[in-house]
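Biologist: Please take one part of this model and look at it closely for me. Then follow its neighbours outward, step by step.

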Amino acid sequence: MAPSPIAFSEVYEEPHELTEDEILGLIDSFGQAARRAAEAGFQIAELHGAHGYLIHQFLSPISNQSTDRWGRDRMLFGLEAIKAVRREFPGVVAIRLSATDWCEFTDDPRTGWTVEETRTFINRAKEIGLDFADISSGGNIPDVKIPAGPGYQVGFARELADTGVPRSAVGLITEAVQAEQVVRESADVVMLARVLLSDPYVLQAWRTRLREKPEFAQPYHRQLMRS
């Protein structure tokens, strides 16, 4: 399913174009999922609006070429999904966004989602209850050239500071001092993924490097025997 019947690439099938009723049903499903998360005791609910997932598909002009109201206002589906979650979830409502499809920063002739549109979306979303923006990039175009390198996405979080919404930075953040600098200069939070998958104890080492006391889970604390 997708906002328009446009295949992601030549090796993908052409998706079914969502109808009005199907779109409204999906938005309702976001709300139901948020209600279940709240009942389960979660304190943060993050919608995935990046990396070619459905909300991103609606946002990007590359994947959303619909002529109905969901195409005339490409931000509408994401905003309505946030509304649905906000109604059901009392905790922090966040969304992960691709700040750009990378067309604007490369020689790619296509018109994709941009940083300026991301700024507009966040500003609109905060008016309906968005608390936090998790800033990533790319993922909606299979062949765009992304100049990946250490901290290559951090600048997007810094550029969006003027929205006033707390933001996280991601993207090849692999060292303690690097992460500390990002938090001091560019974002409120650093999100980690691959570095934690490769070493689940990396934060203990980072605390030591930053001259902080490591925190061990209770089972690892040494208990003194008393007579």
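**A pocket and its surroundings**

Modeller: Let's start with the lining of the second largest pocket: it divides into 10 nonpolar, 6 polar and 2 charged residues. Bear in mind that this is a predicted model. The lining has 18 residues in total, and Ile6, Ala7, Phe8, Ser63 and Asn140 lie nearest the centre of the pocket. The volume of this pocket is about 310 Å³.

Two of those central residues lead us to a neighbour. Ser63 and Asn140 are among the residues that Gln57 touches. The other contacts of Gln57 are Met1, Ala2, Pro3, Gly52 and Asn64, leaving out residues up to four places away in sequence. Gln57 sits in helix 2, which covers residues 54-59. Is Gln57 buried or exposed? Its relative accessible area is 17%. The cut-off for buried is under 20%, so Gln57 counts as buried.

Pro3 and Asn64 take us one step further. Both help to line the largest cavity. Glu17, Leu18, Ile23, Phe58, Ser66, Asp68 and Trp70 complete that lining. By class, the cavity lining has 5 nonpolar, 2 polar and 2 charged residues. The cavity has a volume of about 30 Å³. The count of cavities of 30 Å³ or more comes to 1.

Now go back along the chain from helix 2. The loop between strand 1 and helix 2 holds His51. Phi of His51 is near 55°, a positive value in a residue that is not glycine. His51 has 27% relative accessibility, so it counts as partly exposed.

Before that loop comes strand 1. Its covered face carries Ala45, Leu47 and Gly49, while Ile44, Glu46 and His48 are on the uncovered one. In a regular strand, side chains alternate between the two faces of the sheet. Strand 1 belongs to an open sheet of 5 strands, in the order 1-2-3-4-5, with parallel pairing. The edges are strand 1 (44-49) and strand 5 (189-190), each pairing on one side only. Strand 1 pairs with strand 2 (residues 92-98) through 6 bridges. One bridge links His48 to Arg96 in strand 2. At the other edge, 2 bridges join strand 4 (residues 167-169) to strand 5. There, Ala169 has Val190 as its bridge partner.

Strand 1 also leads into the interior. Leu47 is among the residues with the most contacts inside the largest nonpolar core, along with Ile82, Ile95, Phe121 and Ile135. That core has 52 residues. Helix 4 (residues 76-88) gives the most to this core, with 7 residues. Nonpolar side chains tend to be buried together in soluble globular proteins. Ile95 shows the packing in detail: its contacts include Leu47, Ile82 and Phe121, and also Glu46, Gly49 and Ile55, not counting residues up to four places away in sequence.

Arg96 gives us the last step. It is one of the residues nearest the centre of the largest pocket, together with Gln153, Gly171, Leu172 and Arg194. That pocket holds about 450 Å³ of space. Its lining has 20 residues, divided into 10 nonpolar, 8 polar and 2 charged. Leu172 is worth a second look. It lies in the loop between strand 4 and helix 7 (176-185). Leu172 also has a positive phi, near 55°, and is not a glycine. With 42% relative accessibility, Leu172 counts as partly exposed.

How values were computed
Residues are numbered from 1 along each chain as its sequence is written. This is a predicted model: local features need pLDDT of at least 70, side-chain atom pairs count only at pLDDT 80 or more; totals for chains, interfaces and linings use all residues. Side-chain values use heavy atoms; hydrogens and water are left out. A nonpolar core is a set of buried Ala, Val, Leu, Ile, Met, Phe, Trp, Tyr and Cys residues joined through side-chain atoms within 4.5 Å. Buried means under 20% relative accessible area, exposed over 50%, partly exposed in between (1.4 Å probe, protein chains only). Helices (H or I, at least four residues) and strands (E, at least two) are DSSP runs, numbered from the N terminus. Contact means heavy atoms within 4.5 Å. On a 1 Å grid over the protein atoms alone, a cavity is a set of points where a 1.4 Å probe fits but cannot get out, and a pocket is an open set with protein on both sides within 12 Å along at least five of seven lines; lining residues have an atom within 4 Å of a point. Grid points are joined across faces, edges and corners, and a volume is the space filled by probe spheres set on the points. Ala, Val, Leu, Ile, Met, Phe, Trp, Tyr, Cys and Pro count as nonpolar, Asp, Glu, Lys and Arg as charged, and the others, Gly among them, as polar. Two strands pair if DSSP finds at least two bridges between them.
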